[in-house]
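Student: I have a structure to go through. Can we take the terms one at a time?

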There are 2 protein chains.
Amino acid sequence: MALVPASHPQVAVTLVLLLSVLGLAAGGKLLVVPVDGSHWLSMREVLDSLKEKGHEVVVVAPEVSLHIKPAKSFVMKMYPVPFTQEELDRDFHAFTQDTLEEGTFLERFVRIYQRFEKTSALFLSTCEHLLYNKELMRYLEESKFDAVFTDPVIPCGQIVAEHLSVPSVYFLRGIPCGLDFEATQCPNPPSYVPRVFTEHTDHMNFLQRVKNLVFEIPNLFLCNFFFQPYSKLASEFLQRDVTVLDLLSKASIWLLRLDFVLDYPRPLMPNIILIGGVNCAHKELPQEFEAIVNASGEHGIVVFSLGSMVSDIPMKKAREIADALGSVPQTVLWRYTGEVPSNLPKNVKLVKWLPQNDLLAHPKTRAFITHGGSHGVYEGICNAVPMVLMPLFGDQMDNAKRVESRGAGLTLNILEMTSEDMSNALKTVINDKKYKENIKRLSELHLDRPIHPLDLAVHWVEFVMRHKGAPHLRPAAHDLNWIQYHSLDVIAFLLVVVLLSLFISLKCCMFCCRRCCFKKGRTSKPTKSKSH
Amino acid sequence: MALVPASHPQVAVTLVLLLSVLGLAAGGKLLVVPVDGSHWLSMREVLDSLKEKGHEVVVVAPEVSLHIKPAKSFVMKMYPVPFTQEELDRDFHAFTQDTLEEGTFLERFVRIYQRFEKTSALFLSTCEHLLYNKELMRYLEESKFDAVFTDPVIPCGQIVAEHLSVPSVYFLRGIPCGLDFEATQCPNPPSYVPRVFTEHTDHMNFLQRVKNLVFEIPNLFLCNFFFQPYSKLASEFLQRDVTVLDLLSKASIWLLRLDFVLDYPRPLMPNIILIGGVNCAHKELPQEFEAIVNASGEHGIVVFSLGSMVSDIPMKKAREIADALGSVPQTVLWRYTGEVPSNLPKNVKLVKWLPQNDLLAHPKTRAFITHGGSHGVYEGICNAVPMVLMPLFGDQMDNAKRVESRGAGLTLNILEMTSEDMSNALKTVINDKKYKENIKRLSELHLDRPIHPLDLAVHWVEFVMRHKGAPHLRPAAHDLNWIQYHSLDVIAFLLVVVLLSLFISLKCCMFCCRRCCFKKGRTSKPTKSKSH
């Protein structure tokens, strides 16, 4: 056996040779079916890297979108949709305004539910217009892609992959109703894996564990509510009965934006690859921002953004926030496009856009006020900046809870908080050394990895392109039904065998006993009769 | 947000800075408690790499061992044991001879069981002599190690780690009775994860699933038989009640020599890192072997070894094998130290040792005859050489089944096979292109990885040294008992709530009904009385 350490370059050379034999060294052909919003922003970074590695990347996107715009690193194929840019912008603006508007729990629930219904209908209609765009579909069929790269939160990409018979790679944070666990056959014990929206940590008391289990029920409804229309659409389009679960379970690789410095350790499957922090790549800080940061003096800066979807807020709230920001000596860079609050303090600079990750990377940054979107939170961790979290919707509450449970930030309820609450929270995360120490520890653990998550993501997309999928990572659990998976049929069979054995043994014993008694009876009877 | 791809060197620089702050850039201090035999051979490669990276490596080993010998890459601390080298060699030789000797199933079982008992007693005694060697333990206590690196198949290393309060990293293929699943809290569904010794694949029919579940029972006994003495020893030594399961569940990282090109996809935990193929690093082929290979002509060579523990076999079997080897045109390199069979054909060269991995890597190698040890099998896969497998004991039967189920080799029962069986199998894997194609496909999948398993192993050992463990990867499941883990208490509570609600509802209904009836009764009664 060879016992001397690896000459790894040899392996690399073998690999390159191998790839050239496969005819793929020159680059593969990747179809991207993205999901709009922040989902797209981190996916685009992977596309840039794939392009750099010589692959041909084709993105299909609706003509009207929030963020998906043409770029040098990919070919963009657009398709018409039955709504205008103004309608889309209005819809999303209304969504965030509805979220920020005060009211009773029921009022807010109904308002957000209705808005969610409208937005869902928009996404579904977009998908329909992709699938039934004959010209575009013909082009896709003829293009002979090696793989489809998509975010399954909107399962449109997998319907296309299925139609084209091409393997798929997913890029996501997770599916709120837990369909990702089902589709990967990943065990998901409710005793220590907190469900989305519960705001639990992985250490739950009895009542929390009850709540966690009970939350499976609304999840079931949520899955059904959101994905049923796609099951119907897929069945019509593919001309056979199929559910979204069937479709998603076909994915070759799931690239999950998770890392256990933030998320709680839980079982994984071989085709789940963790790429949390994939979005933390740096570029240079633009000069105008560098100037602001340098002018901030010894107190440094605070970065404040509520994410790519929320850039203005109701005036009353904006004035409260402005008050709070005025109470700290730091310069605050606030991404805000709404009407300027009249009480805006001198230390606050409003900007229409800010290079969030690069600002967070600056050693003068003292704190990060964020809505708790997963991208922002990971940027906070990468750059070791303590956070004040003001979650609004989706997984943001859970993300905020995770940061807080790690002692790396404080959470505020943006609707209920006062100016003082915010001021106190901000001062605490800046001045209490504990927060900086905790986020530094998380950051060190997060950055100490054998390969950058962006390179890992690129590797697995390339892997699926090269090998036409990754069937060797597909667990046999996919071929079992629920009863078989849990061995219920085997347990029932063994129970029957054991009970039957017991019954037969018992019968045998009784039979023997009876025979003995009978013999005794027979032998004693004559004695008795003799005695008489 | 930063949207341009990573300048990864920046991350690396940050990391190095970070490490120098932690005072670890100059290298950590690692204590290695190895397990003898082939387990040691692949572990040594990781130690060589760790030494190259500037760490101080100390290996503690008994004065008498099979393979653990001093080397440049580590400091060796030896301790006396109450047996001689001759006794040890005789014991292991007898073990393999017993395995190869024919007889009825019961005879063989009793023989192997008794031998296993003797060998286990040897290992246990070795562990006792380490723990109670006061001078050595004092040296270990004073040395302030950053981590312990060990193979938990013999849990002695973890007892030392516990005593020194130092985090541990494990390096193993698996624990035959499945204790590794329990100790990592890794789900292990018997419906598709085949148990050791069953020789099942991951696709089982009903009766195989029954057998797979029933195999939990002997596994329980096996665990108890083997580990109970270590629990006793640990409790005495650490002066508190502790089981081997308690001890093993404290490991920071489990480096498992698995890869799903060979093993079947199954759930994993965050602290399980797969490093299958870690032992496939190449060095140059020694000149004498190069000469033999070059002289083999167009037919090339066959490599034949039954592993580091078996180097001779009973003469009758050796003659049968020699006959079979003479039937192929290839030159056969056979690692064999026993008496030369009189019928040894010209094409067979006997050698006392062979550079297995480097020979397998030679393009002229046509087949590999192996006992199916995990190291050999992975070397076969790395180098894409089809195999004839003759498993003897331990996990070898399962490994052989895995290779066969992937269509990359044929399995023979070494005790029952005839010369013709072996000749046919060898000719088939050489001449039937299917075997070469299948092993080539497996090899391509196996080698297409983002980082070499040896580098991955080194990274995680360093990680644990740098961060004093990896607590962020420890699932909360460790803090739950069996009932809590499976949510049985929650289910019982919910059942009681539902039944109670039903009962109360029923009672209310009955009460209402009765009242209604009663009222009716009362209203009808007077009517009746009036009518009278």
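Student: Which residue of chain A comes closest to the rotation axis?

Tutor: A:Leu268, with its C-alpha at 2.6 Å. This is a predicted model: local features need pLDDT of at least 70, side-chain atom pairs count only at pLDDT 80 or more, and totals for chains, interfaces and linings use all residues. Residues are numbered from 1 along each chain as written, chains are lettered from A in written order, and side-chain values use heavy atoms, without hydrogens and water.

Student: How do you know that there is a rotation axis relating chain A and chain B?

Tutor: Superpose by least squares on the C-alpha atoms of residues with pLDDT of at least 70 in both copies. Chain A then lies on chain B with an RMSD of 0.1 Å, after a turn of 180 degrees and a shift of 0.0 Å along the axis. The copies are therefore related as by a two-fold rotation axis. The same surface serves both: 99% of the contact residues of chain A recur in chain B.

Student: What makes residues of chain A and chain B count as in contact?

Tutor: Heavy atoms within 4.5 Å. By that rule, 84 residues of chain A are in contact with 83 residues of chain B.

Student: Why is the pair B:Asp489 and A:Arg209 called a salt bridge?

Tutor: The rule asks for a side-chain nitrogen of Lys or Arg within 4 Å of a carboxyl oxygen of Asp or Glu. Here the closest N and O atoms are 2.5 Å apart, so the pair qualifies. Across the interface of chain A and chain B, the rule finds four salt bridges.

Student: How much area is buried between chain A and chain B?

Tutor: About 7500 Å², with 68% from carbon and sulfur atoms. Buried area is the accessible area (1.4 Å probe) that two parts lose on being put together, summed over both.
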